Amino acid sequence: MQTAIKGSKAFSYIEVSLEQGESIVCEAGGMSSMDAAIDLTARLNGGFLRALIKRYLGGETLFVSNFTNNTSQPRTLTLVQSVPGEIRCQKMQGEGFNLQPGAFIACTAGVKLGLRWAGLVSFIAREGLFKLVASGDGNLWYGAYGAMIEKEIDGEYIVDTAHLVAFEPGVKLKLQLAGGLFSSLFGGEGLVTRVEGKGKIIVQSRSLAGLAGWLNPKF
Amino acid sequence: MPSDTYQVVLTGEVLPDIDRAEAIAGFAALFKLSEPAAAAKIDKAPIIIKKSVDKATAGQFFTRLGKLGWKIDIRAAVSLPAAVAATAPQPGLKFTFTGQPDYAFVTIQIPKGETIKVEASSMATMDVNLQMKTKMKGGISRLLSGESIFVNEFTAEGFDSEIGIAPGTPGDLRHVFLDDQTIYLQNSAFVACTQDIEVESKWQGLTKGFFSGESLFLIRAKGRGDLWFNSYGAIIEIDVTQDYVVDTGNIVAFSEGLDYKVTKVGGYKSLFFSGEGFVCRFSGVGKVWIQTRSTAAFVSWAHAFRPVKRTSGSDGGD
Amino acid sequence: MQIELLHQPGNTAARVTLAPGETITSESGAMIAMSGNMDITTSTHKKKSGGLLKAAKRMLAGESFFLNHFESSGQAGEVIFGTGLAGDMMVRELEQESLIVQSRSFLAATDDIDIGFGWQGFASIFSGESVFWLNLKGSGSVVLTSFGAIYPVVVDGDYIVDTGHIVAFEETLDFTITKAGKSWLHSYLGGEGLVCKFSGTGTVWCQSHSSADFGQRLAPSLKNR
């Protein structure tokens, strides 16, 4: 399999070339173009019950698309996300990686996606009750709305909840008010996530909530 | 950047509403001293807890001791060598842009004790010791322009801190250092500024054209300090020497020295069918920043996706 | 005339420099700035023909399409075009050929290009946005826009493109609307629904993102109507 992330950081997309017998899994609706000879099958995103949970509580799609090349020649396809922004590839080698719901785009067959309880904090922060935990071996592609900014955490840091995309296993999330009660409610910051621990966090430079906040007064 | 080291100093004072005995007990537990020994040590305050640690460690002590109720002072341990006499240092705060030009994000370093003003809900990341206060800003004009009327003030308590700001609009960010100068911004372009910049809304009256979708409400920023503003889309800078016409929905900012007049484009047929609506004709000499996206077109595109409320007797928005 | 693309590919704008007397035609609403000496006229078709009634009919059908003609009077002038959605642009030189373009992707064209609305093609049924197609014919320059990065697919055989991702394609290609997956159920559940299968030889220009998908993603956060 050969893959490349193309497009600028504003509109990244993934170009994939599958050899005979190879497959790639991506979120439903993630294909923008593909060779007609590639087989597409949809499967549940986990077992039936877990898929339902992932959909209604985790914000993930109910089904994922499985693309397989059953021909003797290499075939190409292009995978995208619904929001414009940067896409990154995380090379998994057994260790875990945590994603916010909706950030998942695609992965190779050896990567497993699990749902974990992200804690009540995550629920209050409107991010959903669950976080997507990836494990296994292979490649994982995830995307953001906007550009991605990496930060090494060693101690504590504060992130606006709508801007957190992914974080390494050594980082934990806690919730707090951004300022005093008045400031938090009216200052628009509301609840923020306090990240604690040691590891990398990935933040996106825009958020759908921010965009909606800019648009809504204009209607 | 030189690796600065810091001193962690216990001032000896407790924070308001803290019971001193409890604070001493906490201090004792933290440093594994007996309470009398801890009390004796604290009596000699101000005392240096740590002589030379890196920023992260200093931050941890500041937070931990702060939680126990102690007022902590962080000082630079190493006095930086005298600046080599050369060109004058860059005025204003240190900051870095990332994600330009499409989804620009700015990280600003706020020196200890200083405050910056930030558009409400634009904060994305920040150091834990930044204190946020919300201030009501502007009068009626700002309310009607649809812009939120809250501006948050972030103060760096006890420590140089950093804040990461992400505007809601997809686009670019620009910085200007105003040296007692004035700049006019379109209403949603304001992102952040330092304390000595005065930002006020100026009512433009009749120019809320229903075709342009974006009223020509302007904000005036003047004073001495840093100003960050954003655009919807990328920014093109135009140096105006002869008349230049800009769609009102595409103006980001313009400098002093320009005259402007809002007119409609062409005759009535153009008004209804051309989709251009109102434009602003600039004359004089100055600089105009324009954005490559049209806000009105984006708003009407997004309108199609708005959910329709199914219950009867709904407010229907607006 | 010179056409310069600025700030590609994320928030592209097209800066057109015109000699005195030169004209360029653009879709309505595309002008973001221009020098003070430009004249604008509006029509529904090429500069010389009228057709206001036909345009009114189209407007009622939900497909309004007006064209602006910019002429530089007296001296050289410039017009800067931009779009409502972020994305890329491309300039294509046509030489007596035909290019089928998605209506939202058309930005501007030189006067000798005929902009036809006759191509029936297909409408995007599931995408939630009304889409119609333009047939650009003749010789000259055409400026197209996209939501996302533009990438060409050279078809030699069969290639599938999700309808929300088509910017333009050469008229030499055949196409059919079909399912993406092994069965209709798989296609629908896999989120692909109906797609366009191109066959033959020719180029399809695709955009990396679909504005309909982005709109659906944004919808829950928007204020109710």
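This report describes the chain contacts, a shared sheet and the main nonpolar core of a predicted model.

**Chain B and its two domains**

Chain B is split into domain 1, residues 6-76, and domain 2, residues 94-302. Where these domains meet, domain 1 of chain B contributes 6 residues and domain 2 of chain B contributes 4 residues. On the domain 1 side, α3 (55-68) and β3 (70-76) of chain B each provide at least two residues. That side of domain 1 of chain B consists of 3 nonpolar, 2 polar and 1 charged residues.

**Contacts between chains**

Chain B meets chain C through 41 residues of chain B and 33 residues of chain C. On the chain B side, at least two residues each come from β15 (235-240), β16 (244-247), α5 (268-273) and α6 (295-303). Chain C also meets chain A, with 34 residues of chain C in contact with 32 residues of chain A. Here the elements of chain C that give two or more residues are β12, α2 (184-189), β15 (194-207) and α3 (211-218). The largest share of this side of chain C is that of β12(C), with 7 residues.

The table gives the makeup of one side of each contact by residue class.

| Side | Nonpolar | Polar | Charged |
|---|---|---|---|
| Chain B, touching chain C | 19 residues | 13 residues | 9 residues |
| Chain C, touching chain A | 14 residues | 12 residues | 8 residues |

**Strand pairing across the chain boundaries**

Strands pair across the contact of chains B and C: β16(B) and strand β4 (residues 31-35) of chain C run antiparallel and are joined by 3 bridges. Within this pairing, Y244(B) has S35(C) as its bridge partner in β4(C). Strands also pair between chains A and C, where strand β4 (residues 31-35) of chain A is joined to β12(C) by 3 bridges, again in the antiparallel sense. In that pair, S33(A) is bridged to V161(C) of β12(C).

**The sheet shared by chains B and C**

The pairing of β16(B) with β4(C) belongs to an open sheet of 7 strands, with antiparallel pairing, in the order β18(B)-β19(B)-β16(B)-β4(C)-β7(C)-β2(C)-β1(C). At the edges stand β18 (258-264) of chain B and β1 (2-6) of chain C; each has a single partner strand, so one side of each has no neighbour in the sheet. On average, neighbouring strands of the sheet are turned by 20° against each other, with direction ignored. On the chain C side, β4(C) pairs with strand β7 (residues 77-81) of chain C over 3 bridges, in the antiparallel sense. In this pair, V79(C) of β7(C) stands opposite M34(C).

**The largest nonpolar core**

The largest nonpolar core has 193 residues, and the members that touch the most other members are L79(A), I165(B), L185(B), V246(B), F81(C), L144(C) and V204(C). Strand β12 (residues 150-162) of chain C gives the most to this core, with 7 residues. In chain B, both domain 1 (6-76) and domain 2 (94-302) give residues to the core, so the core lies between them.

V246(B) is one of the members of the core listed above. Leaving aside residues up to four places away in sequence, V246(B) touches I251(B), V279(B), C280(B), F282(B), V288(B) and I290(B) in chain B, and I32(C) and A33(C) in chain C. In soluble globular proteins, nonpolar side chains tend to be buried together.

Notes: Residues are numbered from 1 along each chain as its sequence is written. Chains are lettered from A and ligands numbered from 1 in the order in which they are written. This is a predicted model: local features need pLDDT of at least 70, side-chain atom pairs count only at pLDDT 80 or more; totals for chains, interfaces and linings use all residues. A nonpolar core is a set of buried Ala, Val, Leu, Ile, Met, Phe, Trp, Tyr and Cys residues joined through C-beta atoms within 7 Å. A residue is buried if 20 or more other C-beta atoms lie within 10 Å of its own, exposed if 12 or fewer, and partly exposed in between; C-beta atoms are placed from the backbone. Helices (H or I, at least four residues) and strands (E, at least two) are DSSP runs, numbered from the N terminus. Domain bounds come from an automatic or database domain assignment. Two residues are in contact if their C-beta atoms, placed from the backbone, lie within 7 Å. Ala, Val, Leu, Ile, Met, Phe, Trp, Tyr, Cys and Pro count as nonpolar, Asp, Glu, Lys and Arg as charged, and the others, Gly among them, as polar. Two strands pair if DSSP finds at least two bridges between them. Axes are lines fitted to C-alpha atoms, for helices over the stretch in contact, and angles run from 0 to 180 degrees between N-to-C directions.
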